[in-house]
Amino acid sequence: MNEVIQSLMSRRSIRSFAREQVEDEKLQLVLQAAILAPNANNQEPWHFTALQNAEKLKSLDELVVGKGNTFFYHAPMLILVSIKEGAPHEQENTACALTNMMQAAHALGLGSVWCNRINANHAIDTKLTEYGVPVGYRVTGTLALGYNKGDYPAPREPKEGTITYVR
Ligand SMILES: Cc1cc2nc3c(=O)[nH]c(=O)nc-3n(C[C@H](O)[C@H](O)[C@H](O)COP(=O)(O)O)c2cc1C
């Protein structure tokens, strides 16, 4: 099978991470995939914050889900996607960037999972400047990124009946 298609079809969400940090070279490629993602009117209203500082990661976990809990599975890095306040198509642009990052990560042998807690909490999502989110931007999605710990999950069995052909 075509290599790109094979990669697209075998990606899974990863929820168990090794402690090892992602090499800068791979991180750059994942971020390039993000900033080259399709986006409405090519306005690129987004910002990507690669949070790798262990203390800040711990404090963010505490802020979002409380002491002793984690919403990003103790990954060594969380990429925060934020969109300029008021920009249209916030969710669509976020989804395109996150999908590109997840697929790039998988192609590079990394694991990732979309973590949805910050953007579901409006009391928090605008208060993240101390975690590297620019002023005037709202966090719309986050991605845990790192190396998978344990066996990589098998390809998913998709639900049946979700495709119609009209010919
Ligand atoms: C918008 C969106 C939000 C998600 N939020 C979370 C989340 O907060 N935590 C989590 O563990 N997985 C989250 N996921 C991952 C989904 O649970 C996962 O993609 C789905 O179960 C299919 O599994 P797969 O990615 O391994 O194919 C999210 C996925 C999407 C697209």
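A nonpolar core is a set of buried Ala, Val, Leu, Ile, Met, Phe, Trp, Tyr and Cys residues joined through side-chain atoms within 4.5 Å. In this predicted model, the largest such core has 25 residues. Another core, of 22 residues, lies apart from it. The whole structure holds 2 aromatic pairs. The disulfide count is 0.

**The largest core**
- The residues with the most contacts inside this core are Leu27, Val30, Phe48, Ile79, Met101, Leu110 and Leu145.
- Two helices, α2 (24-35) and α4 (90-107), each supply at least two of the core residues.
- Strands β1 (46-51), β2 (77-84) and β4 (137-146) each do so as well.
- Helix α4 gives the largest share, 6 residues.
- Leu145 has a long contact list, leaving aside residues up to four places away in sequence.
- That list includes Leu27, Val30, Ile79 and Leu110, each of them also named among the residues with the most contacts inside the core.
- Leu145 further touches Phe17, Val22, Ala75, Pro76, Met77, Ala105, Gly111 and Ser112.

**The other core**
- Among the 22 residues of this core are Leu60, Phe71, Ile118 and Tyr131.
- Phe71 also takes part in an aromatic pair, with Phe72 as its partner.
- Tyr131 has a charge over its ring, that of the Lys56 side-chain end.

**Aromatic pairs and a charge over a ring**
- The ring centres of Trp46 and Phe48 are 5.5 Å apart.
- Their planes meet at 55°, so this pair counts as tilted; edge-to-face would need an angle over 60 degrees.
- Trp46 and Phe48 are both buried.
- Phe71 and Phe72 pair edge-to-face, with 85° between the planes and 5.0 Å from centre to centre.
- Phe71 and Phe72 are both buried.
- The charged end of Lys56 is 5.8 Å from the centre of the Tyr131 ring.

**Cysteines**
- What keeps Cys96 out of a disulfide? The closest cysteine sulfur, in Cys115, is 19 Å from its own, too far for a bond.
- A disulfide requires sulfur atoms within 2.5 Å.
- Cys115 is likewise in no disulfide, as the nearest cysteine sulfur is that of Cys96.
- Is Cys96 buried or partly exposed? Its relative accessibility is 29%, so Cys96 counts as partly exposed.
- Cys115 has 3% relative accessibility and therefore counts as buried; the cut-off for buried is under 20%.

Definitions and conventions
Residues numbered from 1 in each chain as written. Predicted model: local features only at pLDDT ≥ 70, side-chain atom pairs only at ≥ 80, totals over all residues. Heavy atoms only, no water. Phe/Tyr/Trp six-rings, centres within 6.5 Å; stacked < 30°, edge-to-face > 60°. Buried < 20%, exposed > 50% of the residue type's maximum accessible area, 1.4 Å probe, protein only. Lys NZ or Arg CZ within 6 Å of the ring centre and 35° of its normal. Helix = DSSP H or I, 4+ residues; strand = E, 2+ residues; numbered from the N terminus. Contact = heavy atoms within 4.5 Å.
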